[in-house]
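Thanks for coming, everyone. I'll walk you through one structure this morning. Please have a look at it on the screen.

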Amino acid sequence: MTQSLIYLFGIIRSCDHVDGFLDPVKLGAAEFGSLRYLSEGGICALISTLQFSQGSSFSQLLEEPAQAEALVLHHHRVLEAAAASTAVLPLRFGSVFTSEGPLRSILTEQQGRFLKTIRDFETSSEWGVKIYCERDLVNEDVRQHSIEIKNFQNTLRNASDGKKFFLQRKLEKMTSEAGENAIANFLRDTIICLKRVSKAHRPSKIQSNTLTSSGSELILNDAFLVERSREEEFHAAIAGLKKAYAAKGVTFKTTGPWPAYSFVPGKLTGDEHAV
């Protein structure tokens, strides 16, 4: 025995269509039916029937990492296919309904808001920008260019042996603080620069000491909504920043274009379970 839910991927205008609808697909313990339309007035939901074993739940499916990853990837694939054909309002992963009725009610009640958001996204794409830094290189750059630190280094060299230990500790603290300030100023200037060529910016919280395998630290992981007519400007701005900061221990990574996941306003309300 199986149970079924209605899985919502995203919303488009009723007059639009998505090319190359995906066939049914089985992903571990879950199975998606063919992608289909659910129209209500001027908007249309992209949905699929999601089936899994009776007695289980959608949340339980996500407890298995491999299963969860497969579901998330399918969600992204469908929305990328939709975005390649038409303007789409992408829903976050995990919006499911027990039946079509409550979803139809939401489409009717929030039709105006959905249409406005779709219009906002029609000519734009989301780009992700990750920035990494190597703190040792940042601190070395600070030591080379800070007059205050250079003067303190001279004081340290001329100090008596009894004072050198304490002065060295103070120098390390000064360098660390100056490095932190340099990173903060760089991030501020970078965001200002990229916002000039973007329609919107969505910051993301970074966990402290998020290190890569190479030892670089992730210091920014933000999303930018960019008009497609300005994408060349956006990437030129990134290239300029890369060149300016390459010797200072800072590197960039951009991802996209994506459907504008990070810029969908608010949340659906109804009987859905969104994880």
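Let's begin with the aromatic rings. This is a predicted model, and a search of the whole structure turns up nine aromatic pairs. Take one of them, Phe-224 with Phe-234. The ring centres are 5.9 Å apart, the planes make an angle of 50°, and the pair counts as tilted. Where do Phe-224 and Phe-234 sit? Phe-224 is in strand E10, residues 217–227. Phe-234 is in helix H8, residues 231–245. Ten residues separate them, and the pair links distant parts of the chain. Are Phe-224 and Phe-234 buried or exposed? Both are buried.

There is a cluster of rings too. Ring pairs link Tyr-7, Phe-9, Phe-32, Phe-58 and Phe-93.

Now stay with strand E10. How many of its eleven residues are buried? Nine are, and the strand is mostly covered. E10 pairs with strand E8, residues 124–133. The two run antiparallel, with ten bridges between them. E10 also pairs with strand E9, residues 200–202. That pairing is antiparallel as well, with three bridges. In the E9 pairing, Arg-202 stands opposite Ala-223 of E10.

One residue of E8 deserves a stop: Ser-124. Its bridge partner in E10 is Glu-227. Ser-124 has 6% relative accessibility, so it counts as buried; the cut-off is under 20%. What does Ser-124 touch, leaving aside neighbours within four places in sequence? The list is Lys-199, Leu-225, Val-226, Glu-227 and Arg-228. Look at Lys-199 in particular. Ser-124 and Lys-199 are 75 residues apart along the chain, yet their C-alpha atoms are separated by 8.2 Å.

Next, salt bridges. The whole structure has seven. I'll show three of them, and I'll start with Glu-122 and Arg-13. Their side chains meet at 2.7 Å, N to O. Glu-122 is in the loop between H4 and E8, while Arg-13 is in strand E1. That is a span of 109 residues, and the pair links distant parts of the chain. The two ends are not equally covered. Glu-122 has 33% relative accessibility, so it counts as partly exposed. Arg-13 has 16%, so it counts as buried.

Second, Glu-100 and Arg-36. Here the closest N and O atoms are 2.9 Å apart. Why does this pair tie together distant stretches of sequence? Because Glu-100 lies in helix H3 and Arg-36 in strand E4, and these parts are 64 residues apart in sequence. Glu-100 is partly exposed, at 25% relative accessibility. Arg-36 is also partly exposed, with a relative accessible area of 29%.

Third, Arg-230 and Glu-233. The N to O distance is 3.0 Å. Arg-230 is partly exposed at 28% relative accessibility. Glu-233 is partly exposed too, at 39%.

Back to helix H3, residues 100–109. Which of its residues are buried? Leu-103, Ile-106 and Leu-107. Seen down the helix axis, these buried residues fall within an arc of 100°, so they line one face of H3. The general rule for helices helps here. An α-helix has 3.6 residues a turn, so residues three or four places apart point the same way. And what covers the buried residues of H3? The cover includes strand E1 (2–13), strand E4 (36–40) and strand E5 (43–53). It also includes strand E7 (96–97) and helix H4 (111–121).

A quick detail on the backbone. Gly-256 and Pro-257 are joined by a cis peptide bond, with omega about 0°. Pro-257 is placed in strand E11, residues 250–258.

Last, the whole chain. How many helices and strands does it have? Eight helices and eleven strands. The chain has 275 residues, and 40% of them are buried. Now count contacts between residues at least 6 apart in sequence. Of those, 77% join residues at least 24 apart. The chain exposes about 14700 Å². Carbon and sulfur atoms supply 52% of that exposed area.

That's the tour. If you keep one picture, keep E10: mostly covered, antiparallel to E8 and to E9, with Phe-224 paired to a ring in H8. Questions, please.

Notes:
Residues numbered from 1 in each chain as written. Predicted model: local features only at pLDDT ≥ 70, side-chain atom pairs only at ≥ 80, totals over all residues. Heavy atoms only, no water. Buried < 20%, exposed > 50% of the residue type's maximum accessible area, 1.4 Å probe, protein only. Helix = DSSP H or I, 4+ residues; strand = E, 2+ residues; numbered from the N terminus. Arc of directions from axis to C-beta. Contact = heavy atoms within 4.5 Å. Phe/Tyr/Trp six-rings, centres within 6.5 Å; stacked < 30°, edge-to-face > 60°. Areas by Shrake-Rupley, 256 points an atom, 1.4 Å probe, with all protein chains shown as cover. Pairing = 2+ DSSP bridges. Salt bridge = Lys/Arg side-chain N within 4 Å of Asp/Glu carboxyl O.
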